[in-house]
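Here is a small set of exercises to work through with a structure viewer open. Try each task yourself before reading its solution.

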Amino acid sequence: MTREEALRRVVFLRDTPEAAVAALLVAGTVQTLSEGEVLFFESEPSHGLLVVLEGALKESKNDARGRELILAIHKPGASVAELPLFDGGNHPTQAVALATPTRVFRVARPAFDAVLERHPTLARGALRALAIQQRKLLEMLKAQALHTVRSRLAAYLLAQDTPSFTLPETNESIAAQVGTVREVISRTLHQLADLGHLTLAGRTITLLDRAALEKISDGQ
């Protein structure tokens with residue numbers, strides 16, 4: 001994906017004037033990461049505007065026991081860590097590359113602020129982006145607090161948007177996203193299979209009863 005294509009996929013840049021996008025393209029650089037390489041650590045100062053061009057980034061946070069909660073998997077066209085970009089604080093999360101290569105377009109925060117000052121319409125898009133992010137986090141908090149692991153795993157499976165697929169991540173990574181441990185993911189998948197809601201063939205899953213899975217994901 002080109003830098004301009006990626007910028008135009010970012011929520012708060014979709015309706016930005018061409019001049020603003022051009023200014024960001026001039027101010028930015030491309031950083032290339034290998035799988036497992038850290039883009040930024042929690043508590044580091046803002047790295048500025050970060051947009052994935054190729055590969056993928058995992059944004060996560062660890063609890064006091066060291067257990068990881070995956071907040072998002074960012075793919076090409078996604079912006080990363082918008083909160084510190086706009087509020088000037090440190091990164092509340094960390095981001096790690098999931099593929100080799102993972103390429104990220106980066107505009108340092110001072111340069112981004114200069115473009116924002118010249119093009120105030122960016123601010124309207126930024127507010128929308130932060131509101132969307134807050135809504136997603138609230139939904140995640142609701143799921144963690146009110147739904148069972150089975151409900152959260154059913155929602156994860158339904159989000160694949162196809163009746164038959166190969167699990168794109170390890171059980172450990174899936175567990176980090178739904179807030180549990182690897183063994184519980186394996187056990188719950190087999191329970192859902194025993195109920196006739198899906199079939200398991202290695203890492204390939206076929207959803208047999210989408211309606212039943214939707215009820216489970218809703219906590220019914």
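The exercises below concern a predicted model, and each one is followed by a worked solution.

**Exercise 1. The open sheet**

Task: Work out the strand order of the open sheet of four strands, and find which strands are its edge strands.

Solution:
- Start with the order, which reads β2-β7-β4-β5, with antiparallel pairing.
- Next, look for strands that pair on one side only: these are β2 (38–40) and β5 (68–74), the edge strands.
- Then consider the twist: on average, neighbouring strands of this sheet are turned by 30° against each other, direction ignored.
- Finally, zoom in on one edge. β2 pairs with strand β7 (residues 94–97) in the antiparallel sense over two bridges, and Val38 has Val96 of β7 opposite.

**Exercise 2. An enclosed strand**

Task: Find out how many of the six residues of strand β3 are buried, and identify the strands that pair with β3.

Solution:
- Begin with burial. Strand β3 covers residues 49–54, and five of its six residues are buried, so the strand is largely enclosed by the rest of the structure.
- Now take one partner: strand β8 (residues 102–107) pairs with β3 in the antiparallel sense over five bridges. Within this pairing, Leu49 has Val107 as its bridge partner.
- The other partner to inspect is strand β6 (residues 79–80), which is joined to β3 by two bridges, again in the antiparallel sense. Here Val51 has Ser79 as its bridge partner.
- As background for reading such pairings, the strands of a sheet are held by backbone hydrogen bonds, in either a parallel or an antiparallel arrangement.

**Exercise 3. Salt bridges**

Task: State how many salt bridges a search of the whole structure finds. Then describe the salt bridges of Glu68, Asp113 and Arg182.

Solution:
- The search finds seven salt bridges.
- Take Glu68, whose partner is Lys58, with 3.1 Å between the closest N and O atoms. Glu68 belongs to strand β5 and Lys58 to strand β4 (residues 57–62), so this pair ties together parts that are ten residues apart in sequence.
- To judge burial here, recall that under 20% relative accessible area counts as buried. Lys58, at 16%, is therefore buried, whereas Glu68, at 25%, is partly exposed.
- Move on to Asp113, which forms a salt bridge with Arg109; the closest N and O atoms are 3.8 Å apart. Both residues sit in helix α4 (residues 109–118), four residues apart, and are thus separated by about one helical turn. Asp113 is partly exposed at 29%, and Arg109 is partly exposed at 24%.
- End with Arg182, which forms a salt bridge with Glu183 at 3.3 Å between the closest N and O atoms. Arg182 has a relative accessibility of 45% and counts as partly exposed; Glu183, with 44%, is partly exposed too.

**Exercise 4. An aromatic cluster**

Task: Count the aromatic pairs in the whole structure, then characterise the pairs that Phe12 forms with Phe86 and Phe112.

Solution:
- The whole structure holds three aromatic pairs.
- For Phe12 and Phe86, the ring centres are 5.3 Å apart and the planes stand at 75°, so the pair is edge-to-face. Phe12 lies in the loop between α1 (3–9) and α2 (18–27), while Phe86 lies in helix α3 (residues 82–87), so parts that are 74 residues apart in sequence are tied together.
- Phe12 and Phe112 are edge-to-face as well, with 6.3 Å centre to centre and 85° between the planes. Since Phe112 is in helix α4, this pair ties together parts that are 100 residues apart in sequence.
- Check accessibility: Phe12 is buried at 2%, Phe112 is buried at 1%, and Phe86 is partly exposed at 21%.
- Putting these together, Phe12, Phe86 and Phe112 form one aromatic cluster.

**Exercise 5. One serine**

Task: Decide whether Ser151 is buried or exposed, and list its contacts beyond its neighbours within four places in sequence.

Solution:
- First place the residue: Ser151 lies in helix α6 (residues 149–158).
- Its relative accessible area is 5%, so Ser151 is buried.
- With those neighbours left aside, Ser151 is in contact with Ile216, Ser217 and Gly219.

How values were computed: Residues numbered from 1 in each chain as written. Predicted model: local features only at pLDDT ≥ 70, side-chain atom pairs only at ≥ 80, totals over all residues. Heavy atoms only, no water. Pairing = 2+ DSSP bridges. Axes fitted to C-alpha atoms, helices over the stretch in contact; angles between N-to-C directions. Salt bridge = Lys/Arg side-chain N within 4 Å of Asp/Glu carboxyl O. Buried < 20%, exposed > 50% of the residue type's maximum accessible area, 1.4 Å probe, protein only. Contact = heavy atoms within 4.5 Å. Phe/Tyr/Trp six-rings, centres within 6.5 Å; stacked < 30°, edge-to-face > 60°.
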